[in-house]
Each structure stands twice: as structure tokens, then as C-alpha cells.
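Colleague: I am new to this structure and would be grateful for a close look at one part of it, namely the pairing of its strands. Please then place that part in its wider setting.

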There are 2 protein chains.
Amino acid sequence: MKYEEFFRHCLDLKKTFLCVGVDPDPEQLPAHFPRTSEGVYQFCKNLIDVTHDLSLAYKFNLAFFEIWGAPGWQILGRLLAELPPDVMTIGDAKRGDIGNSSRFYVQALFDTMGFNAATVSPYLGSESYAPFCASENHGAFVLCVTSNPSSLEIQEHGQPPLYLKVAEKVQEMNRLRNLGLVMGATKPEQLTEIRQRFPSLPFLIPGIGKQGGTAALALEVCRACGTGLINVSRSISFPETGKFPENIREATQKYSQQFQI
Amino acid sequence: MKYEEFFRHCLDLKKTFLCVGVDPDPEQLPAHFPRTSEGVYQFCKNLIDVTHDLSLAYKFNLAFFEIWGAPGWQILGRLLAELPPDVMTIGDAKRGDIGNSSRFYVQALFDTMGFNAATVSPYLGSESYAPFCASENHGAFVLCVTSNPSSLEIQEHGQPPLYLKVAEKVQEMNRLRNLGLVMGATKPEQLTEIRQRFPSLPFLIPGIGKQGGTAALALEVCRACGTGLINVSRSISFPETGKFPENIREATQKYSQQFQI
């Protein structure tokens, strides 16, 4: 199935924009999981078991797997292979290299690992993400306005600001309708502006929950174009109260409901 | 040993700015190496055997290892563990994420894998690379002006151009003297400008050889500050003529000599 159709299929089935961020910080796992790659695998398995019927997608942050070296990539591969079929997967890798190297990152993330989409960084220009949108079977979300405090140091540079230039180029490159933008929920002004200017580009929106972004606006900009992903990581994986894994299930129910399409 | 001292130690010992880029494209390996992760390991082992006495550093491009999934990280770990001690290692990973995630990339690349330094992308602002320069035992090269054709699309945006802003911020963040800039040899104007404005920041210079960058200028800007790395990947690993591995040795001798400190 083409990426765009699969995205639509999952949205129609799940009826929520909720994307669960898988960022398994070993220090934050419930106490009974060993602080090993196998412990992380077991935790993620449990997380997926109690969330997949309520989630549109999983965004796996590769940093939290790479801390284990090869065993981290091994458990990531197992998790992806064992996922239920009706959920999108995003490799949150923020890759971006010269064209020749980016083609190999595409092979790694899409062919070897089996992600449906990936996050990519635009600093090297459109050539660095062109290989990620070259096939209609996969997609990419290009970093535009990120959710971290120092993001606008670079992204707001120039007049018009850089993030606008990035969005324009992504729009232009989106011939196969498999590109979108990473737009942090912590930057409401830019979120509104970019939605107005690019009404049909899907957003992947991080920054909800512990990062403090506004959920209402995230939902509004997704509903405005009928597609998108609102990511929640720590507030689902590591709720501050309750008993594991029921507390994860409860948090997911809350967000899944809140982010109904 | 502190990163800066180790860099100096290797420079004094090897007396060359040559950094060998390890980009093991399986399609380009000599015919007798199997197109498997083990074949790639054997090729890289041979490459290192015949180049390490002539090289200041190795820059491993992670894309070419990640195509194999977990086995790629496994052979990368083996290669790093088996390297001779008097050579620097750079994880050419171009990572860059929100601060919390970047700390995990640091753990992956420096603690788990054992790289001395890494390449990082500045698109998320200085927060994304701050964890990479937080310890004086490791260093980072921040993408500034890259060697690919579409690089200036983003990097020249604004007035002053974005690349200048990136360099200024890196200079400001360089309190432990463990930061440098990635400056492509294919952009002579910017290479000269940034060297003049930031006379003490080490450059990691890709783009020599098959990418067409000027070797003479790369050498000049390294000599001007007495430090730096000039990277050659494909022209050393995959010479167009000669018999393996003697042809690799010959190409390395040529570049090692050419890039004498």
C-alpha cells in the first residue's frame, strides 16, 4: 500500500491523531524491568500491548535504542517486526546527510528496519531529504519548528525566517504527497502561521505533555487539514502516578480521546 | 587524556591532517568481499591495516553501517575496539535532537561505541550539540557549510548568512576547546571567510577527491590554525585503478604527504 493510503487507512481506523512516542529512558522504567536492552524490549512490548488499539502511530526515538549499541538496534528490529499491522511507524532519527549518504539512511530505516516514515533534518538542504520521499511507499517529516527552547536561534534566522523557507521547499518537494513537517506544540505562533500558509501539509507535532505545548492548538491544526500526528512520549510512557501498565493505558485513553479526528 | 590533548598528540605523531573516511558502500567493495556485514567488516579491517600509520583520524559514516541494522552496529563496535590507539575516531552521525535526546546520542556514540568525537547538526540550536561538548574528554564538529550541491539553500539564508551565525554560536560554546566546524572543501569562499573570522576553530573538511573540492585551500586553512582534519573517503577506499589493497595504500600515501602539517 502507498504511504499516503496507509496513513489515511490508519486514521480512518483509529480515529485519533495520537502518536505514542517510544523513548525508553532506562532510568525511568518501572523498577521491575532490568536496566538492560532486554529490559527495555520488555517494557516497550508492554507499552505497545496496552496502547496500540488507541494509537495512530508509534514514533521510535532512535537515541534511546542506540545507547545499547548493536543490541539496541536488535530490539528495535524485533519491536517493529512484532507490531500489529494497523499502526504507522516513524523512525525519529533526525537524519540528514549529503545525497549519497542519505540514500543509505533511507535503506537502513525503510528497507532494513521497516519504518513507514522517518524524521529528517533540513540543514544540508533538500538534497538530504529527497531520497526519503523518492518512493511513494514511505514518507518523511522534515524538521521545521522544533519544540525545544533554543530552536528559534536557528529556525527564526533571516527575513523571511528560515522555518518558512524550509516549509516552502518541503511543499515544493511534496510531489508524491509523502512529506510533512515537524512542528513543535510549544511554538503556537509558528504552528498557526505554517498551518495557514500550507493548509495541506501534514504535521508531526511533538512537545505535548511534559514539554508544555498546547494540546488544543495541536488538535486544531490537525483537524484543519484532516491529517497529522500529535506525539506524546513521556506523559504516556512514564505517568507520575498509578500502577503499571494500567496507568499507561489510562493516559493513552485520555490522549486518544482528546485527539479524536 | 583530554580530547584536545589527544587531538594534538595524534597531530604531532602523524604530522598530517589526513582523515580517512570509512564509507563502506557494499556495491563498491572489491569483488572478493561478500556483500554482507562480515564482508564489510573484513574490507574495513584491511582498509585500516594499510592506512593507520599514515592517517590522523578515521571518520566512520554511520549510514553505511546502519544499512545492515544491528549487525552493522556490531561490526562498527568491533572495528572501533580493534583500532590502533594513536588515531582519532569521528562518528559521522550528524545527530542533533532536543537536549534530553541529544544526551542519549552522546551516550551512544561516546560511551557505548567509544568515538572520540562526532558530527552534529545545528538545526535545533545550540542545545542540541551542548551535550556533545559538555565533557573535555570528547569533541564535536558542528555542520556549518557542507560540501553538497544544495547546502547553501539553507546555510546561506538570511543576512548575515546562517552559516556565520552557526559559526559564531559554536565559537561561543567552545569553552572546553572541543568544538569545531564541518566546512566543505567545495565551498572555497566560505572556507576562507570562516577561517579569517574564526582563526582558532578546527575544521573537519569533507569534499576532497570525488566531490571536487580544492585540496590546496583545505590544507591552507588547516595550516593557518595548526589543526584540523581533511577527509578523503571514496578516493582512498575505492581507487579507480590498481590492485587491492596496495592501491589503497598508494592513495593514502599521496594524500597523507599532500596534507602534511
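Modeller: In this predicted model, strand 4 (residues 117–120) of chain A and strand 5 (residues 139–145) of chain A run parallel and are joined by 4 bridges. One pair can be picked out by eye: Thr119(A) has Phe141(A), in strand 5 of chain A, as its bridge partner. Strands of a sheet pair through backbone hydrogen bonds, and the pairing may be either parallel or antiparallel.

This pairing belongs to a wider arrangement. In chain A, 8 strands form a closed barrel in the order 1-2-3-4-5-6-7-8, with parallel pairing. From one strand to the next, the twist averages 30°.

Chain B may be read in the same manner. A closed barrel of 8 strands is found there too, running 1-2-3-4-5-6-7-8 with parallel pairing. Neighbouring strands of this sheet are turned against each other by 30° on average, with direction ignored. For a pair to examine in chain B, take strand 5 (residues 139–145) and strand 6 (residues 179–183), which pair in the parallel sense over 5 bridges. Within chain B, Val142(B) stands opposite Leu181(B), a residue of strand 6.

From the strands, the view may pass to a pair of helices. In chain A, the axes of helix 9 (residues 188–197) and helix 10 (residues 215–225) come within 10 Å and cross at roughly 5°. Because angles under 35 degrees count as roughly parallel, helix 9 of chain A is described as roughly parallel to helix 10 of chain A. Helix 9 of chain A contributes Pro188(A), Leu191(A), Thr192(A) and Arg195(A) to the contact, while helix 10 of chain A contributes Leu217(A), Ala218(A), Val221(A), Ala224(A) and Cys225(A). By class, this contact of helix 9 with helix 10 in chain A has 7 nonpolar, 1 polar and 1 charged residues.

The corresponding helices of chain B can be traced next. Helix 9 (residues 188–197) of chain B packs with helix 10 (residues 215–225) of chain B at an angle of about 5°, their axes being 10 Å apart. These two helices of chain B are therefore roughly parallel to each other. On the side of helix 9 of chain B, Pro188(B), Leu191(B), Thr192(B) and Arg195(B) meet Leu217(B), Ala218(B), Val221(B), Ala224(B) and Cys225(B) of helix 10 of chain B. The residues of this contact in chain B divide into 7 nonpolar, 1 polar and 1 charged.

How are the two chains placed relative to each other? A turn of 180° and a shift of 0.0 Å along the axis lay chain B on chain A with an RMSD of 0.0 Å. The two copies are thus related as by a two-fold rotation axis. Of the residues of chain B, Gly158(B) comes closest to that axis, its C-alpha lying at 2.0 Å.

The surface between the chains can also be described by number and by area. In contact are 58 residues of chain B and 58 residues of chain A. The area buried between chain B and chain A is about 4,700 Å², and carbon and sulfur atoms give 59% of this area. Phe104(B), Tyr123(B) and His157(B) lose the most area to chain A within chain B, together 17% of what that side buries. Moreover, 100% of the interface residues of chain B are also interface residues in chain A, so the copies meet through the same surface.

A few details of the backbone complete the picture. In chain A, the peptide bond from Gln159(A) to Pro160(A) is cis, with omega near 0°. Pro160(A) lies in the loop between helix 7 (152–155) and helix 8 (162–173) of chain A. In chain B, a cis peptide bond joins Phe244(B) and Pro245(B), with omega about -5°. Pro245(B) is found in the loop between helix 11 (234–237) and helix 12 (246–258) of chain B. Lastly, Lys15(A) has a positive phi of about 55°, although Lys15(A) is not a glycine. The place of Lys15(A) is the loop between helix 1 (3–14) and strand 1 (18–22) of chain A.

Conventions
Residues numbered from 1 in each chain as written. Chains lettered and ligands numbered in written order. Predicted model: local features only at pLDDT ≥ 70, side-chain atom pairs only at ≥ 80, totals over all residues. Heavy atoms only, no water. Axes fitted to C-alpha atoms, helices over the stretch in contact; angles between N-to-C directions. Parallel < 35°, antiparallel > 145°, perpendicular 65-115°, else oblique. Contact = heavy atoms within 4.5 Å. Nonpolar A, V, L, I, M, F, W, Y, C, P; charged D, E, K, R; others polar. Pairing = 2+ DSSP bridges. Least-squares fit on C-alpha atoms with pLDDT ≥ 70 in both. Buried area = accessible area lost by both parts, 1.4 Å probe.
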